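Q: Let us go through this model by asking how each label is earned. Each answer should set a value against its cut-off.

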Amino acid sequence: MDASANTPQLLRRTNLRAVLEVLRAAPSATGTDLINATGLTRATVIAVCDDLIARGWARETDSPRIDRQKGRPARRFEFNESAGYVLGLDVGIATVRVLVADLAGAVVGESEARFPRHGGEPEQRRRVVTEAVDAALQDAGISSSAVLCAGMGIAAQVTGAGDVAPGQEVAPMFDLGLSSIFSDSRGWPLLVENDAKLAALAERWRGVGAGENNLAVILAGERLGSGIIESGRLLHGASGGTGAMGALELVEGVGNEDGIAKLARLWGSAALKEGHNGRIRELVGPDTNRASARLVFEAAEAGDPVAEEILDRIARRMARVLALVSSFFDPRLIVIGGAVAASATALLPAMTRELDRYVVTPPRVAVSNLGTMLVPTGAVRLALDYVETHLLDLVPEPRRE
C-alpha cells in the first residue's frame, strides 16, 4: 500500500491529539486559545473540536459574555472527563481495594473486601476481586462498559510484560488469570504492576512527592518493597526487579524484608513473653502475649521505655535500608508508605539522624499522606497513562452519514 495514502488520516489524528492535549491541560479553551496553542488554522481547530465532541472526548461549554460585547460569544470547549472511567486495584494478601476514577483522576467510587483466612484458593480470590470491582462500579453508579482501562497493583514482582515473575513464594496468590478474565468478559485492558512501583507513581502524582523527578517510595508495613522514579521515569529493570528488597538478608543489621509493622508486632510480643508489664501489657491485656504494631506505637507515645526502645531499634534498622536505597539510586526524597505510614512519623527523627551517619548527602525523608489509598491511587495513574496514550483508539470513529 502506498504510504502516502495514510497521510490525511495520520494528519487528522495528529491534529486531534494536539487539540485534545491542550483541552486536558486547561479548564476550558476558546478556538483562539487552541489556535495559539497548536498553531493550527481556525477552520482546522473548529473541525477538530466538532470531531472530538462527536467522539465524546470534548464538549462545548458556555462562554461568559463580557459587558457591552456585541454578537455571539466565542465558542468555548472543554475536555469531557466523564467520557470514560478507569479502575485502580490494590490486591494484597489479605485485602483488595478498588477505586473508580473519571478521566481527570477524580475518584467517583470505591470498595474494599477481605480475602478468606490465609489468603484463600485462587478461585476464591478471583471471586473476591470481581465482586469488589462490581461493588466499586455500583458505588460509582456506572456500568462496566464505561470503563476504558484498569490498573492493578500486587504484592509480588512483576515482569515488564505484566506477568507475575516466576519463583516467588507468593506467586499463586496473584497469578489469577485476571487479565484474560477482564479482557474477555468486560473488554478492559488490565495493567498489572508491583505495588511499590505504583506507590511511587501515586506519590509523584498526588502525594508528598508531587512533581519530584527523583523519588523513592518504600512500602514498609509487613514487608519492605520500593519503587524508584529516576529523572521522572519509573524504573523496572530487566525482569521488573528494580527496588526488590530480597538482598536485605545480606545487609548487616537488617537481615530480611520484614517491615515496620511486622517488626513492631514481633518485638512487642517478644517483650510480653519475657515478662514486660509496662504500658504495652496494659494496652494488650492480661490474656495474650500478642501485641499489635498499633499498640506498640501507642505505648511508646505514652512513654513506655520498652516500646520506645523497640521503635528506636526499628528506626536504626530502617536507616540502613534508606542508606542502601540512597547509595544505589540517589533520590532527592524517600517516602515511607504503607499501612504504618501515619505511625512512622514517630520514627523520622531517629531515622534521619542515623541516615546522616551513612550517607554524605542524605535525601529528605517523609511519610506518605495517602494512607491505604496509596497503591490503588498509583493503579489509577497507571490506567490513566494508558488511556491518555491510546485515547483516540479507545472510542470508535463516529459514524458519518
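Q: Which residues are linked in a network of salt bridges?
A: R24, R381, D385 and E388 are. The model is predicted: local features need pLDDT of at least 70, side-chain atom pairs count only at pLDDT 80 or more, and totals for chains, interfaces and linings use all residues. Residues are numbered from 1 along each chain as its sequence is written, and side-chain values use heavy atoms, with hydrogens and water left out.

Q: What makes the meeting of D385 and R381 a salt bridge?
A: The criterion is a side-chain nitrogen of Lys or Arg within 4 Å of a carboxyl oxygen of Asp or Glu. The side chains of D385 and R381 meet at 2.9 Å, N to O. That distance therefore satisfies the limit of 4 Å.

Q: Why are D385 and R381 separated by about one helical turn?
A: Because they are four residues apart in helix 14. Helices here are DSSP runs (H or I, at least four residues), strands likewise (E, at least two), numbered from the N terminus.

Q: Why is R381 called buried?
A: Its relative accessible area is 14%. Buried means under 20%, exposed over 50%, and partly exposed in between (1.4 Å probe, protein chains only). So R381 counts as buried.

Q: Why does D385 count as partly exposed?
A: D385 has 33% relative accessibility, so it falls in the class between buried and exposed.

Q: What is R381 in contact with, leaving aside its neighbours within four places in sequence?
A: L201, W205 and E388. Contact means heavy atoms within 4.5 Å. As for G151, its C-alpha is 8.0 Å from that of R381, across 230 residues of sequence.

Q: Why is helix 7 called roughly perpendicular to helix 14?
A: The axes of helix 7 (residues 195–206) and helix 14 (residues 374–389) cross at roughly 80° and come within 7 Å. Axes are lines fitted to C-alpha atoms, for helices over the stretch in contact; angles run from 0 to 180 degrees between N-to-C directions. Under 35 degrees is roughly parallel, over 145 roughly antiparallel, 65 to 115 roughly perpendicular, and the rest oblique. That makes helix 7 roughly perpendicular to helix 14.

Q: Which residues of helix 7 and helix 14 meet?
A: From helix 7 come D195, L198, A199, L201, A202, E203 and W205. Helix 14 brings L374, V375, T377, G378, A379, V380, R381, L382 and L384. By class, the contact of helix 7 with helix 14 has 11 nonpolar, two polar and three charged residues. Nonpolar covers Ala, Val, Leu, Ile, Met, Phe, Trp, Tyr, Cys and Pro; charged covers Asp, Glu, Lys and Arg; the others, Gly among them, are polar.

Q: What makes helix 8 roughly perpendicular to helix 10?
A: The axes of helix 8 (residues 260–273) and helix 10 (residues 293–301) cross at roughly 75° and come within 8 Å. The angle puts helix 8 roughly perpendicular to helix 10. In this contact I260, A261, A264, R265 and G268 of helix 8 meet A293, V296 and F297 of helix 10. The residues divide into six nonpolar, one polar and one charged.

Q: How many salt bridges does a search of the whole structure find?
A: The search finds 22. One of them joins the side chains of R13 and D393 at 3.0 Å, N to O.

Q: Why does the pair of R13 and D393 tie together parts far along the sequence?
A: R13 lies in helix 1 (residues 7–25) and D393 in helix 15 (residues 391–394), so the parts are 380 residues apart in sequence. R13 has 23% relative accessibility and counts as partly exposed.

Q: How do you know that D50 and R75 meet in a salt bridge?
A: Their side chains are 2.9 Å apart, N to O. D50 sits in helix 3 (residues 42–55) and R75 in the loop between strand 2 (58–61) and strand 3 (76–79), 25 residues apart. D50 is partly exposed at 35%. R75 is partly exposed at 25%.

Q: Why are strand 11 and strand 13 called edge strands?
A: The open sheet has five strands in the order 11-10-9-12-13, with mixed pairing. Strand 11 (233–234) and strand 13 (364–367) each pair on one side only. Two strands pair if DSSP finds at least two bridges between them.

Q: How do you know that strand 12 and strand 13 pair?
A: Strand 12 (residues 333–337) and strand 13 share four bridges, in the parallel sense. The pairing rule is therefore met. I334 stands opposite V365 in strand 13.
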